[in-house]
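Trainee: Hi, could you walk me through this structure?
Mentor: Happy to, let's look together.

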Amino acid sequence: LEAVLYAGSIVFFFKGLKTTEVSQVAILSATSAFWTIVGGILFLGESFSLIKAIGSLFIFGAVIFVAGKNFKVTFGKSNIYILVSSFCFGLGLVNDRFILKSADALSYLAIAFFLPGIFLAIISPRSLQKTKVFFNRKKLINMCLLAVFYSVSALTTYLAFKTGGNASQVAPVTKSQIVLTILLAAIFLGERKELLRKLIGAFIVIVGV
């Protein structure tokens, strides 16, 4: 189940990322917290207090504030990909929380990153023929950086679970990453369109956290 959920999340995320601004992807991906909250309540029997509900509403309100204005006009396939990815990722965190009740975080991290790739290779073996494009110096450096950042992100999330954090609590808090993503996208990728709106949305996310 871990392999299927995260493989789905990865595939749809990168499909959406190809044609969607990084800053908008970051905002839309916040919806994964909603599915984690629902999954935590339904499958793990977690409680959901009023303060958690209010905080989550702030986070989802930021999503509507930043992206809602354009949805009537530009809500297309790429945005749907990100939302499907967020659904898979949100339920994947619930599954992680269940597994980590009786597993070591570092050992599980290695398996959790390994299995989705194996699963994708099995269902789409032809895709392996296209991997040679990544074997040049620049792309390998970028991919190594990607591996480091994603590993640290996943490990710290898993450690939060191991130290008693509920899935429905940890998931919304992790969306504070949206602030940094928006600012870095503006600096390095030149994504400054409606920057003020995005920054206000990011501030609302912080309040929610």
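Trainee: Is Phe114 buried or exposed?
Mentor: Phe114 is exposed, because its relative accessible area is 52%. Buried means under 20%, exposed over 50% and partly exposed in between, with a 1.4 Å probe and protein chains only. This is a predicted model, where local features need pLDDT of at least 70 and side-chain atom pairs count only at pLDDT 80 or more, while totals for chains, interfaces and linings use all residues. Residues are numbered from 1 along each chain, and side-chain values use heavy atoms, leaving out hydrogens and water.

Trainee: Cool, where is Phe114 placed?
Mentor: Phe114 sits in helix 6, residues 105–123. Helices are DSSP runs (H or I, at least four residues), numbered from the N terminus.

Trainee: New topic: how many aromatic pairs are there?
Mentor: The count comes to 6 aromatic pairs. Rings of Phe, Tyr and Trp (its six-membered ring) pair if their centres lie within 6.5 Å; planes under 30 degrees apart are stacked, over 60 edge-to-face and the rest tilted. One of them is Phe34 with Trp35, edge-to-face at 5.0 Å centre to centre and 75° between the planes.

Trainee: And what about Tyr108 and Tyr158?
Mentor: Their ring centres are 5.2 Å apart and the planes are at 45°, so that pair is tilted. Tyr108 lies in helix 6 and Tyr158 in helix 7 (residues 137–162), so the pair ties together parts 50 residues apart in sequence.

Trainee: Are those two buried or exposed?
Mentor: Tyr108 is buried, at 7% relative accessible area, and Tyr158 counts as buried at 4%.

Terms used: Helix = DSSP H or I, 4+ residues; strand = E, 2+ residues; numbered from the N terminus.
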